[in-house]
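I opened this entry to look up cysteine pairing and charged side-chain contacts. The notes below follow the order of the search.

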Amino acid sequence: MSEPQAPRIVIVGAGPAGIRAAATLAEAGLHPVVIDEANRAGGQIYRRPPAGFLRTPEQLYGSEAAKARALHMLFDRLAEEGRLTHFAGRSVIAVHEGRLHVLGEGGVQVIGYDRLILATGASDRIAPVPGWQNAGVYSLGAAQIALKAQGVALGRRIVLMGSGPLLTLVGAQLLKAGADVAAVLDTSPWHRQMQGFWGLSARPIIALRGLALRAMLGGRYHAGVRLERIEAGASGVTALCWRDAGDRERITACDMIGMGWHLRAETHLADLAGCVFAYDEQWRQWLPKADEMGRAGNGVYLAGDGVRLLGADGAEVAGRLAATACLADLGRSAPSVSAELRKLARLERFARGLACAFPWPVAMVRTLPDDAIVCRCENVTAGAVREGADLGGGDANRVKSLSRAGMGRCQGRYCQLAAVELVAAQAGCRPDAVGRFRGQAPVRPAPIGAFLQES
């Protein structure tokens, strides 16, 4: 009799969650396939620059350099030993009936799976500000990518705005690299930040590091600001108009703005894979449902910021848990996870503290002027979204069809949360009653020619 065929296990994402999941499976004698959009494993938080890059890991990752090195070396060793298959520089653009459609240089390749671990991470959570559609406005993540991967700042005089730990981290990183950071503007007031103290005390060292980064910013950091508009000329951004905590009008000249309010989970593939979603009131976004091990049903497992916004350390834990759940479901020997589950609970408490201290700016979004752009891809204004809400009965997908918000290249990644807030305000209901934009393939822009070469 022939031996039973080994299960086909595919991991999407090679950040901390994907790497730990792959290592757990490899240690159990399985051979996972890892698909990642980057050319080298590490994810966004531990993004690796091209070979020959002169900046050291300490300069790139700061206090997290040792963790980054360990993950990079672990993944590289497993790949070199042939214990996993790594498809780098490729995007999964669709999931259907146990198959992934993967976009690469040669077109679209179809890869089947028996078990699927989605470690898709997160991206910047953006709140529209009048004028944000102008050249020179980037997300905080984009500014960080440019610094890590290319060693450049995206402007000569920089203003950062938003809220959350990434705001101060990117500001400090740019300062260390020698960039001219004019201001770091946080929409969360001091008293609100203090409300998250109990949760943040779950990881006191991390909280203290955040305070140290803020101290590095000095007088550039302002809490409790109100963002009014971005001024721009023919060549792009020229200034940001804002009000400080004392309601004094301020105008800061700049040629680049980075913006972001913590993170939004990357959930498009989980949606196509049939996962169930629930609205999280504290994070103000829809998140896929999974048990504490990451099981989401139908042979799908979720790990990392794509299901719980717990950061890099939480992603590593979640990656191990998802892989362990996969092993147990396959009838394989699986390691004990009691310590990992306790750690996950502590990380969850810390993350909830962050969500409390640095909230999504609901009032700012809901009071956007009608002529402000909400969807940059399709040039849809706040007024058009409100009109769609009046005609569509407060349903997210009806408003999407009527206004075209969320129909562009990003498929709502940057406008959906704001659009839903506007619809909820117009309809006089909660955001969870409005619903969410349905996911559809391809989840990334793909040339038609790639599908003609599908194999």
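I began with disulfides in this predicted model, and the count came to zero. I then looked up individual cysteines to see why. For Cys326, the closest cysteine sulfur belongs to Cys275 and lies 14 Å away, too far for a bond. I noted Cys326 as buried, at 0% relative accessibility. For Cys415, the closest cysteine sulfur is that of Cys375, at 4.0 Å. This pair also fails, because a disulfide requires the sulfur atoms to be within 2.5 Å. Cys415 is buried as well, with 2% relative accessibility.

I turned next to salt bridges and obtained a count of 35. One of them joins Glu266 and Arg264, with an N to O distance of 3.5 Å. I recorded both Glu266 and Arg264 as buried.

I then examined the salt bridge between Arg320 and Glu340, at 2.5 Å from N to O. Arg320 sits in helix H10 (residues 311–329) and Glu340 in helix H11 (residues 338–357), so the contact ties together parts 20 residues apart in sequence. Arg320 is partly exposed at 22% relative accessibility, whereas Glu340 is buried at 18%.

I also looked up Arg386 and Asp370, whose salt bridge has its closest N and O atoms 2.6 Å apart. This pair links distant parts of the chain, 16 residues apart: Arg386 is in helix H13 (residues 382–392), and Asp370 is in the loop between helix H12 (362–366) and strand E22 (373–375). Arg386 is buried, with a relative accessible area of 12%, while Asp370 is partly exposed, with 48%.

Finally, I recorded one network in which salt bridges sharing partners join Arg226, Glu228, Arg229, Glu231, Arg243 and Asp247.

Notes:
Residues numbered from 1 in each chain as written. Predicted model: local features only at pLDDT ≥ 70, side-chain atom pairs only at ≥ 80, totals over all residues. Heavy atoms only, no water. Buried < 20%, exposed > 50% of the residue type's maximum accessible area, 1.4 Å probe, protein only. Salt bridge = Lys/Arg side-chain N within 4 Å of Asp/Glu carboxyl O. Helix = DSSP H or I, 4+ residues; strand = E, 2+ residues; numbered from the N terminus.
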